[in-house]
Amino acid sequence: GPLKPEITITYIAVSAIFFNSGLSLKTEELTSALMHVKLHLFVQIFTLVFFPTAIWLFLQLLSITPVNEWLLKGLQTVGCMPPPVSSAVILTKAVGGNEVSFCFTSFFFSYFFQGIVITPLLLLLFLGSSSSVPFTSIFSQLFMTVVVPLIIGQIVRRYIKDWLERKKPPFGTISSCVLLMIIYTTFCDTFANPNIDLDKFSLIIIVFIIFSIQMSFMFLTFLFSIRNNSSFTPADTVAIVFCSTHKSLTLGIPMLKIVFAGYEHLSLISVPLLIYHPAQILLGSLLVPTIKSWMVSRQKAQKLTRQPKAPVKV
């Protein structure tokens, strides 16, 4: 179509998100974020190990139901995907959770390591494929659309830092608009396929399952991160809840097209990821006020407990 998604989405839109991130993120905060090892480990283990394994076990039960088997396979691909950078960062910032750099740094490594190596391997492990994965091609494309724009954004920020801090451009709004365009073009590309065979019952069940998974996993990560011996701050908890449960559409769709190239049911396999992405943004947006209220009250309670007690007068 006139939007030319093969160019505007694959290259320009994704690059714009990372250039925007490079402009908005403070370099000194990115450096300090690297030291938050425990938070990164929690996110990586949950995303790489627990998420895909839990989905696989759940799908063993669903395999005996009349739900479309290709939609179920698509649900497994969702579990194998790396977390996104933009949507979870936007929601974390909206709540006022840990600085964007904490969430972003964790995502930055997972986007490369998991996106380039682990995600294809997980897809091959759980679903199999008749084609080999061109790791060199994937890496070069990710490098040009992720690393280069990020570095350029950081360089540009050094020269216009004062202007950015004074004007405070709407980075969140810009990223949201780009994400909306990505979702729109991907939906059009998938559902324009005349051979897609999607029954309403299976679609409704998949939508219900996706929302249930998101709610359950968000609640699970919340419980784990607020344990007394976890040492996570309330701001850390907010980042963990969004970082651990969100999945990348911008990397996921191209990855599926590479790994399952030539598959007759590729469109059906893509449907759960197409639903998961906007669903995670919608659900996250609805929960922002509640999570923000919890975080503020928890932070106030912690400040009160840390205040020294006044001496008792005799």
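A helix, in the sense used here, is a DSSP run of H or I with at least four residues, numbered from the N terminus. Ser202 belongs to one such run, helix H9, in what is a predicted model.

The overall architecture can be stated briefly. The protein contains twelve helices and zero strands, and its pattern along the sequence is accordingly written α-α-α-α-α-α-α-α-α-α-α-α. Of its 314 residues, 47% count as buried.

Helix H9 offers a convenient point of entry. Its 26 residues should span 38 Å at 1.5 Å a residue, and the end C-alpha atoms are indeed 38 Å apart, so the two values agree. The buried residues of H9 are Ser202, Ile206, Ile209, Ile210, Ile213, Gln214, Phe217, Met218, Thr221 and Ser225. Ser202 has a relative accessibility of 0%, and therefore counts as buried, the limit for that class being under 20%. A contact distant in sequence also involves this residue: Ser202 and Pro66 are 136 residues apart along the chain, yet their C-alpha atoms are separated by 7.8 Å.

Three of the isoleucines of H9 lead to the interior. The largest nonpolar core has 37 residues, and the members that touch the most others are Phe51, Leu123, Ile206, Ile210, Ile213, Leu256 and Leu273. At least two residues of this core come from each of helix H3 (37-62), helix H4 (69-80), helix H6 (100-126), helix H9 (200-225), helix H11 (249-259) and helix H12 (266-306). H12 gives the largest share, nine residues. Another core, of ten residues, lies apart from this one; Val238, Phe242, Leu283 and Ile291 are among its members.

Val238 and Phe242 direct attention to helix H10, where both are listed as buried. This helix comprises residues 234-245, twelve in number, and reaches 17 Å from its first C-alpha to its last, close to the 16 Å expected at 1.5 Å a residue. Because twelve of the twelve residues of H10 are buried, the helix is largely enclosed by the rest of the structure. The buried residues include polar ones as well, among them Asp236, Thr237, Ser244 and Thr245.

The loop between H3 and H4 presents another setting. Ser63 is placed in this loop, and it is partly exposed because its relative accessibility is 48%. Ser63 lies ten residues from Lys73 along the chain, with 9.9 Å between their C-alpha atoms.

At the surface, Ile151, Ile155, Tyr159, Ile160 and Trp163 make a nonpolar patch of about 540 Å². Trp163 is part of helix H7, which covers residues 135-167. With a relative accessible area of 41%, Trp163 is partly exposed.

A database record may be set beside these features. An unreviewed UniProt entry lists residues 6-25, 37-58, 103-126, 138-159, 171-192, 204-226, 238-263 and 275-296 under "transmembrane region". Two of these annotated spans can be compared with the model. Residues 37-58 are 100% helix and 0% strand, with 30 Å between the end C-alpha atoms. Residues 275-296 are likewise 100% helix and 0% strand, and here the end C-alpha atoms lie 31 Å apart.

Methods
Residues are numbered from 1 along each chain as its sequence is written. This is a predicted model: local features need pLDDT of at least 70, side-chain atom pairs count only at pLDDT 80 or more; totals for chains, interfaces and linings use all residues. Side-chain values use heavy atoms; hydrogens and water are left out. A nonpolar core is a set of buried Ala, Val, Leu, Ile, Met, Phe, Trp, Tyr and Cys residues joined through side-chain atoms within 4.5 Å. Buried means under 20% relative accessible area, exposed over 50%, partly exposed in between (1.4 Å probe, protein chains only). The expected span of a helix is 1.5 Å times one less than its number of residues. Patches are made of residues with over 30% relative accessible area and no salt bridge: like charges are joined within 9 Å, nonpolar side chains (Val, Leu, Ile, Met, Phe, Trp, Tyr) within 5 Å. Accessible areas come from the Shrake-Rupley method with a 1.4 Å probe; for residues, only the protein chains shown count as cover. A salt bridge is a side-chain nitrogen of Lys or Arg within 4 Å of a carboxyl oxygen of Asp or Glu. UniProt positions are given in the numbering used here, feature names are shortened, and annotations may be inferred rather than shown by experiment.
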